[in-house]
Amino acid sequence: MKKEEGKVSLEVEEEERSNFEQALDRTNGWSKLYRTWRLFLSAISIGLALYVLYAATFGGMPAWQHRAVFTSVALFLCFSFVPYKKGRTRLHPLFDIVPLLLSGALVVFTYTAYPDVAMRVGNVITIDKIFGTLMIALIVEGVRRTIGIVMAGLTLFFTVYVFIGPWFPGLAGHPGYSYNRLIDTMFISTNGIFSDPIYIASTVLILFLLFASILLRTGAGQFFIDFAFSITGRMRGGPALASVLSSGMMGTITGNGVANATMTGPFTIPLMRKVGYSKNFSGGIEAVASQGGQIMPPIMGAAAFIMAEYTGIPFIQIAAYALIPAILYFFMASVMIYLQARKQGIQGMPKEQLPNFWEVVLKRGYLMIPLILIIVLMVQGYSPMRAGVWAIGSLILISFIRKETRLSWIKMLGAIESGIKGSISTIMACAGAGVITGAVIMTGLGTRFSRMAIDLSGGELLPMLLMIMVASIILGMGMPTVSAYVILATVAVGSLTQLGVSVIAAHLFVFYFGIFSGITPPVAITSYITAGIAGGDPMRTSFQSLKVGVAAFILPYMFIYNPTILLEGSVPTIILGVSTATVGLIAFACVVQGYMVTKTSILQRSVLLVSAISLVIFEPISDGIGVGLFAAVFLFQWFKNKKSTVMEVQRKSSRDLPSTNSHMG
């Protein structure tokens with residue numbers, strides 16, 4: 001498709017090429033030394049990826065050594081690729097090169113220290129304290145560079161909290177622990193830095209990020225956009241609906257709301273603006289769709305794999321539990337868009353400006369085969385690691401079907417390096433989350449937090465949910481989903497399960513609110529990114545995204561009060577529960593938009609709000625009330641609209657009649 005014809009085009013820009021591809025380009029004017037350095041970094045990145053693929057297929061180093069070396073190499077790459085100060089293009093002799101050399105020393109130590117280090121659990125020596133302290137310090141700085149000061153400060157605070165517990169009052173206090181105990185837990189064992197988050201990052205997550213990077217290089221991103229526009233482009237508010245569909249498809253493989261918005265926003269937002277949506281509303285829609293990709297199976301985000309490890313539930317089952325809520329989330333966003341389009345009289349795009357559905361499917365539809373293969377293999381009992389390896393292999397083979405998707409060896413290695421480079425921030429988040437998890441386990445903060453939350457809520461479920469919702473949103477501000485989820489799962493899930501909430505419902509509850517802090521003011525990171533793309537106001541865009549994505553704040557309560565959407569119950573019960581939940585979400589969308597068939601009055605909005613609240617709980621009486629109130633408002637508006645339409649036609653006919661008679665005379 002060509003941009004001059006009003007259609008979108010997604011291509012890899014020059015600045016988005018990997019270091020490997022740029023280093024091989026002799027026209028960029030780099031010095032020989034700098035070119036050699038970039039090729040060295042490319043070799044490290046590609047080597048790490050190949051090791052992960054080998055380890056997933058044939059087995060790798062022992063657990064501690066594997067995780068420690070992986071983290072150390074990631075730190076080395078972090079200080080190579082991400083400067084100490086945003087905007088710098090060259091390494092600083094002190095703030096970049098020194099951490100780089102220290103992280104290189106960590107790589108050597110973590111590789112050579114095993115198996116002796118395993119024998120020193122509970123009895124650390126000086127060398128362990130030196131390198132353990134070094135790793136914690138470098139992780140804090142790596143987190144600051146890749147994620148931000150908030151997450152770095154939180155990681156540092158929990159490290160210090162291990163020692164200053166006696167200064168805290170009440171349940172927040174603890175006896176305090178020695179420095180030896182800190183290093184033993186954080187560095188020598190697999191209960192701190194090298195706990196589940198880093199394990200997932202070094203096995204499953206890195207494979208799926210590599211898969212996503214290679215898939216996007218084949219042109220799958222263009223396929224997602226073309227596919228979405230071919231289906232929804234002609235509908236009322238079509239470009240906005242296409243944004244939801246394409247960003248949802250893209251987000252499920254990238255697992256990162258900001259990255260997704262950055263990739264798809266420059267193409268979907270201008271088209272939304274073209275048909276009549278405001279800058280802020282267009283940016284809000286893109287933010288909601290991009291952030292929601294993390295909840296859409298089959299791949300979802302990094303936190304979903306960690307959830308499988310925490311709960312002991314196979315990942316494919318978690319994906320199944322998450323499917324209906326994800327569909328309801330995107331359906332709700334689509335309803336909000338449709339109602340806004342009706343209010344503003346916005347139509348779809350002309351057919352001639354849209355791609356042909358069958359042409360799109362026949363041209364690049366085969367790129368979806370690896371995604372289908374992932375689902376099939378995991379249903380068959382394959383581990384996510386093994387499924388990821390097979391998916392990458394099949395994708396490489398399938399890319400050769402057509403010239404447009406074919407990957408040369410340079411593009412292949414470039415995609416692998418880009419995948420590793422793009423994963424650094426997530427690895428740093430997992431390492432920081434490991435430090436926090438280790439501190440929470442050491443100090444027993446999780447147990448005490450659960451007890452405190454139960455006391456404050458009086459043992460009542462709804463106040464408890466509201467408290468955890470607020471805590472989830474606050475903790476999620478300014479930090480990636482994986483970090484927010486790990487912290488919340490460690491300290492908050494226990495309080496919910498103690499009140500009888502199922503394990504999966506409790507984990508999904510904090511998972512959702514941790515994700516959607518990205519579109520919640522005042523620190524709505526994804527909304528701010530899309531506001532910049534749309535040229536809108538960041539705060540107003542974040543409020544628009546909050547409005548469009550309001551389902552994200554209702555669905556988690558449905559996990560608790562309407563567990564049928566998590567596939568609990570018989571098939572007829574699930575169908576009934578999902579149906580009533582859908583009606584409730586539509587009712588709430590009408591309340592927020594102030595529009596149904598026509599504009600709603602204050603009384604009608606109040607009735608619809610009662611309907612929506614009644615349908616959150618899956619009970620015969622409340623569902624009957626909710627559906628009845630919704631139907632009453634709908635029928636009243638429908639008949640009123642029909643009557644006004646008939647009267648308008650009659651008025652037009654009566655105005656035309658005299659002129660017609662005069663002409664006949």
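Reader: Contact means heavy atoms within 4.5 Å. Leaving aside neighbours within four places in sequence, which residues is F511 in contact with?

Author: This is a predicted model, in which local features need pLDDT of at least 70 and side-chain atom pairs pLDDT 80 or more, while totals for chains, interfaces and linings use all residues. Residues are numbered from 1 along each chain as its sequence is written, and side-chain values use heavy atoms, without hydrogens and water. Beyond that sequence window, the contacts of F511 are Q294, I295, M300, A303, A304, M307, T481 and Y485.

Reader: Which residues touch the most other members of the largest nonpolar core?

Author: Such a core joins buried (under 20% relative accessible area, 1.4 Å probe, protein chains only) Ala, Val, Leu, Ile, Met, Phe, Trp, Tyr and Cys residues through side-chain atoms within 4.5 Å. The largest core has 203 residues, and the members touching the most others are F509, F511 and I565.

Reader: Which helix gives the most to this core?

Author: Helices are DSSP runs (H or I, at least four residues), numbered from the N terminus. With 17 residues contributed, the helix in question covers residues 315–344 and is α14.

Reader: Which residues are linked with E141 in a network of salt bridges?

Author: A salt bridge places a side-chain nitrogen of Lys or Arg within 4 Å of a carboxyl oxygen of Asp or Glu. E141 pairs with R144 at 2.8 Å, N to O, and with R145 at 2.7 Å. R145 and E141 are about one helical turn apart because 4 residues separate them in helix α5. Besides E141, the network contains D96, R144 and R145.

Terms used:
Buried means under 20% relative accessible area, exposed over 50%, partly exposed in between (1.4 Å probe, protein chains only). Helices (H or I, at least four residues) and strands (E, at least two) are DSSP runs, numbered from the N terminus.
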